Amino acid sequence: MPFQEQSHFLDEIKKFQNKKENSHPWFDHPNGLLFSDLTAYALAKKDTLLMQEIANTFDNRILDNWDQIKDMVIVDQIPFGITALDLYLFSGDPKYRNFADELYLKMSGLVSTDHVKPLIFYRKNQSKKVYIVDTLGMVCPFLISYGNFFKQQVSIKLAFELKHKK
């Protein structure tokens with residue numbers, strides 16, 4: 001929690017009591033990173049059985065629910081894009097490219113041009129607070145991979161601009 005936004009302990013307890021249950025709790029960064037790391041491992045080891053299992057799980061959890069979860073996309077979900085790219089590389093199935101394209105477009109919508117250099121904030125409403133969290137670890141790898149896969153120099157350029165912010 002940002003220092004200037006600290007709240008009273010009881011206020012935090014009330015948040016937990018009033019918190020809506022997330023119907024897609026697995027659509028978060030730990031699972032996104034797990035998926036992307038598993039696909040990287042499976043590709044490196046040429047483990048087609050593991051890759052097929054990842055594809056089945058990815059299809060069931062992400063692609064089959066995309067209409068319900070696509071509005072939830074924030075920096076946390078960007079690692080799922082790397083998974084989609086790896087699955088596309090493995091299978092050539094255009095559904096994974098389509099997902100990566102949609103995620104790239106959603107991620108591009110997070111770019112703030114309120115500053116000298118482009119920035120991506122953890123949440124949209126943080127552009128005036130200048131919190132730059134998780135961009136390097138989650139967004140830049142996706143931008144570089146996406147740019148390399150689909151020859152999108154704009155994507156690669158954005159990753160380097162984000163990396164070299166001052």
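**Notes on salt bridges and two loop lysines**

1. D59 is a good place to start: with a relative accessibility of 13%, this residue counts as buried, because the cut-off for buried is under 20% relative accessible area. Please keep in mind while reading that this is a predicted model.

2. What does D59 pair with? D59 forms a salt bridge with K95, and the closest N and O atoms are 2.9 Å apart. D59 belongs to helix α3 and K95 to helix α6 (residues 94-108), so this pair ties together parts that are 36 residues apart in sequence. On the lysine side, K95 is partly exposed, at a relative accessible area of 34%, whereas D59 is buried.

3. K95 has a further partner to look at. The side chains of K95 and D93 also meet in a salt bridge, at 3.9 Å from N to O. D93 has 27% relative accessibility and so counts as partly exposed.

4. Staying with helix α6, you will find a salt bridge between D101 and R97, whose closest N and O atoms are 3.4 Å apart. Both residues lie in helix α6, 4 residues apart, which is about one turn of the helix. R97 counts as partly exposed, its relative accessibility being 28%. As for shared partners, salt bridges join D59, D93 and K95 into one network.

5. How many salt bridges are there by this count? The count comes to 6 salt bridges; among them are D59 with K95, D93 with K95 and D101 with R97.

6. Now to the backbone. Most residues other than glycine have a negative phi. Against that background, have a look at K46: its phi is near 55°, a positive value in a residue other than glycine. Where is K46? It lies in the loop between α2 (29-45) and α3 (48-61). Is K46 buried or exposed? At 70% relative accessibility, K46 counts as exposed, because the cut-off for exposed is over 50%.

7. K151 deserves a look as well. K151 is not a glycine, yet has a positive phi of about 50°. You can find K151 in the loop between α7 (135-150) and α8 (153-163). With a relative accessible area of 66%, K151 is exposed.

8. A short recap for when you open the model: D59 in helix α3 and K95 in helix α6 are the pair to display for the link between those helices, and D93 can be added to show the network that joins D59, D93 and K95. For the backbone, display K46 in the loop between α2 and α3 and K151 in the loop between α7 and α8.

Terms used: Residues are numbered from 1 along each chain as its sequence is written. This is a predicted model: local features need pLDDT of at least 70, side-chain atom pairs count only at pLDDT 80 or more; totals for chains, interfaces and linings use all residues. Side-chain values use heavy atoms; hydrogens and water are left out. Helices (H or I, at least four residues) and strands (E, at least two) are DSSP runs, numbered from the N terminus. Buried means under 20% relative accessible area, exposed over 50%, partly exposed in between (1.4 Å probe, protein chains only). A salt bridge is a side-chain nitrogen of Lys or Arg within 4 Å of a carboxyl oxygen of Asp or Glu.
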